[in-house]
Amino acid sequence: MTRLSGITPSGRVHVGNYLGALRRWAREGAAEDLYFVSDMHAMTTAYNPQRLRALSKEMLAVLIGSGINPRSVFVQSDIATQLSTLTWVLECTCTFGEVSRMTQFKEKSTGAKTIRLGLLTYPVLMASDILLPGADEVPVGDDQAQHVELARALARRFNTTYGEAFVVPKAVMPKVGARIRDLASPDRKMAKSTRDEAGVVFVLDEPDMIRRKFRRAVTDTADRVEYRPEHQPGVANLLEILGACTGQSPKKAAEGIGSYRVLKETVADAVIEELRDVRKRTQDLLADPAGLDRIRATGAERAAQRGAHRLASVLRLAGIG
């Protein structure tokens, strides 16, 4: 069985990405699972090409530095020829109504002066990401489940119309991980693309920077260290981070902490220690660009091999191969 997961380089990897996804991928990943940097997905809105390239490289290093098997990791654009070919076939299988109903397209296009066509059609590219390697399961949150349903619909339609070529994947809900909020605005989740980085702790932040960000974290005036998410969202966020780092429930993590100052210092210590080895391994990879390029090339080759037979079958059945 193959599971497929991707992460888009819309910004630098932060502690929420690591605790909520990357760490789980490293611990639970099987030999056939695939993890990729979805750099082509970052092109649906305005972006800087040089920054995208740099972020993709850094993200690849962080994935491997997090402990994910390098043989399971690749960068999406490295198999762009295969994906683009399959995407065209699937676009000719998909309908306008199906993609225009996508919730994310509606949200991101509302009020926009210009809308890139890729924002409309990228769910079909995502379907190609899933269907090309024959993924059986795609762990996704609620915001992406609709895209997996489109991949399922297109796979069934192609199989029925032209012949069996695709595994029909299913969306699976991953184990509930840490839901990390922005330290400066605990009413919103920590995000890679946030312009104000004061409340975002990045995996590659220096320990002193991490400590400063936690010291400035928003709490409240009660100075009462209890896990009450509805009443104390800032404190609850810190306790969830501490619990995720120490393997405790947030309520358990609160025990013995008597003030917000102690809480912030304790959480900072835990995060610094949690990220210490990840940061070191990632920095070592980035310091050896030739070595990282070799790992990337090997990952691309394996990903291409995984999809070559299926793409050839699809093209033959579609009448163009």
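I looked up the area buried between domain 1 and domain 2 in this predicted model, and I noted a value of about 780 Å², of which carbon and sulfur atoms give 66%. On the side of domain 1, I found that V15, Y18 and G65 lose the most area to domain 2, and that together they make up 48% of what that side buries.

Next I checked how the chain is divided, and I wrote down domain 1 as 4-178 + 289-318 and domain 2 as 207-283. The contact between them takes 10 residues from domain 1 and 9 residues from domain 2. For the centres of the two domains, taken over C-alpha atoms, I recorded a separation of 32 Å.

I then turned to the polar side of the interface, where I found a count of 1 salt bridge between domain 1 and domain 2. I also looked up the side chains of R23 and E274, which meet in a salt bridge with an N to O distance of 3.3 Å. For polar contacts across the interface, I noted 4 residue pairs, with both residues at pLDDT 80 or more.

Last, I asked which helices supply the side of domain 1 that touches domain 2, and I found that helix 1 (15-28) and helix 2 (49-65) each supply at least two residues. Helix 1 gives the most to that side, with 4 residues. Sorting the side of domain 1 that touches domain 2 by class, I entered 6 nonpolar, 3 polar and 1 charged residues.

Note on methods:
Residues numbered from 1 in each chain as written. Predicted model: local features only at pLDDT ≥ 70, side-chain atom pairs only at ≥ 80, totals over all residues. Heavy atoms only, no water. Domains from an automatic or database assignment. Contact = heavy atoms within 4.5 Å. Buried area = accessible area lost by both parts, 1.4 Å probe. Salt bridge = Lys/Arg side-chain N within 4 Å of Asp/Glu carboxyl O. Polar contact = N/O pair within 3.5 Å; in protein donor to acceptor, adjacent residues only side chain to side chain. Nonpolar A, V, L, I, M, F, W, Y, C, P; charged D, E, K, R; others polar.
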